[in-house]
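Student: I am new to this structure and would like a close look at a single part of it. Could you take me slowly through the place where the ligand sits and the residues around it?

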Amino acid sequence: MKKPRGILIAGNWKMNQGPRETEQFFSQLKQMIRPDLFQKDLLKACVIPPAVSLEKAKKEAPSYVQIGAQNAHWEKKGAFTGELSGPLLQELGISWVLAGHSERRQYFGETDSTVRKRAESLLGQGFRVILCIGETRSERESGKTEEVLDRQLSETVPNLNSYLDGRVILAYEPVWAIGTGLTATPEQAEQVHHWIRNFLHQKTGLKTAEQTPVLYGGSVTPENIDSLLKCPNVDGALVGGASLKAESFYALLEAGYKAIG
Ligand code: PGA
């Protein structure tokens, strides 16, 4: 199967796994993992632990697993209680960050405009940004999926043509599929991913559209990932629940390797 952009498996741990569990996770993962999984440079892995475990993860993760933060502020320093900044993350050697996850939008007042500010600032500081978009159940049921994605892509995604090095990674995460066990079918996922690719083509040109990875997220498991990765426009997965155990994260990586062929 052709996977021109390779496959990225990213595990979002959300508010789970302190430093002790993080250490255990990586010690188990290192026993399971075959380094040749990453030899072709087409499979990429990223683990996104809570802030308190970033340092431990960075120390314990094998070199082929990137470590990312779940959120970071657009300012580099200042009076922003509870936030992390690019320079604080860089001090730990972290260079990947998530932006605009639907849980941040839903529970913490994140808007398209703040997501864009975060993404632009962090990209400017050299980070790789996984930027999440996706519709709610009622938006899908009322036929507004494309309208919502159009708005989110137009308002939250920085000028992609400035980042042709794959540093902007989009994650399509239908909100109704996150943590619910209701995965989008491969047909539903491919339909939206194809639409996103087309949108990027129209707005940014063919080259950017072809180079920008688009992950799928929402109840991905080792059982359903194969059929999702078979979709031509799905370039990997952003996984919550099924990324918490080393065994299951490893199974997702194996699936990624298999999909590359
Ligand atoms: P889930 O979470 O895999 O547990 O549905 C995905 C996500 O929120 O990124």
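Tutor: What follows is a walk through the surroundings of the ligand, then one lysine beside it, and then the largest pocket.

Please keep in mind throughout that this is a predicted model, and that the distances and areas below are computed from it.

Let us begin with the ligand, which has 13 residues around it, and of these Lys 14, His 101, Glu 173, Gly 179 and Ser 219 come nearest. Sorted by class, this shell is made up of seven polar, four nonpolar and two charged residues. Some of the contacts can be followed atom by atom: a polar side-chain atom of Lys 14 lies 2.7 Å from an oxygen atom of the ligand, while at Gly 179 a polar atom of the backbone is 2.6 Å from a ligand oxygen. Gly 240 also takes part through its backbone, where a polar atom is 2.8 Å from an oxygen atom of the ligand. As for how much of the ligand is covered, taken alone it exposes 280 Å², and the protein buries 94% of that.

Lys 14 deserves a second look, since the residue that reaches the ligand with its side chain also meets the side chain of Glu 103 in a salt bridge, with 2.8 Å from N to O. Because Lys 14 lies in the loop between β1 (7–12) and α1 (19–32) and Glu 103 lies in helix α4, this pair ties together parts that are 89 residues apart in sequence. The salt bridge is one of 15 that the structure holds. The backbone of Lys 14 is worth checking too, for its phi is near 50 degrees, a positive value in a residue other than glycine. Gln 17, which is found in the loop between β1 and α1, likewise has a positive phi, near 75 degrees, and is not a glycine.

Lys 14 leads us on to the largest pocket, where Lys 14, Gln 70, Asn 71, Arg 104 and Phe 108 lie nearest the centre among the 20 lining residues. About 470 Å³ of space lies in this pocket. Helix α4, residues 102–107, supplies the largest share of the lining, namely three residues. By class, the lining of the largest pocket divides into eleven nonpolar, five polar and four charged residues.

To draw the threads together, Lys 14 appears among the residues that come nearest the ligand, in the salt bridge with Glu 103, and among the residues nearest the centre of the largest pocket.

Methods:
Residues numbered from 1 in each chain as written. Predicted model: local features only at pLDDT ≥ 70, side-chain atom pairs only at ≥ 80, totals over all residues. Heavy atoms only, no water. 1 Å grid on protein atoms, 1.4 Å probe; cavity = no way out; pocket = protein on both sides within 12 Å on 5 of 7 lines; lining within 4 Å. Points joined across faces, edges and corners; volume = space filled by probe spheres on them. Helix = DSSP H or I, 4+ residues; strand = E, 2+ residues; numbered from the N terminus. Nonpolar A, V, L, I, M, F, W, Y, C, P; charged D, E, K, R; others polar. Near = heavy atom within 4 Å. Polar contact = N/O pair within 3.5 Å; in protein donor to acceptor, adjacent residues only side chain to side chain. Areas by Shrake-Rupley, 256 points an atom, 1.4 Å probe, with all protein chains shown as cover. Salt bridge = Lys/Arg side-chain N within 4 Å of Asp/Glu carboxyl O.
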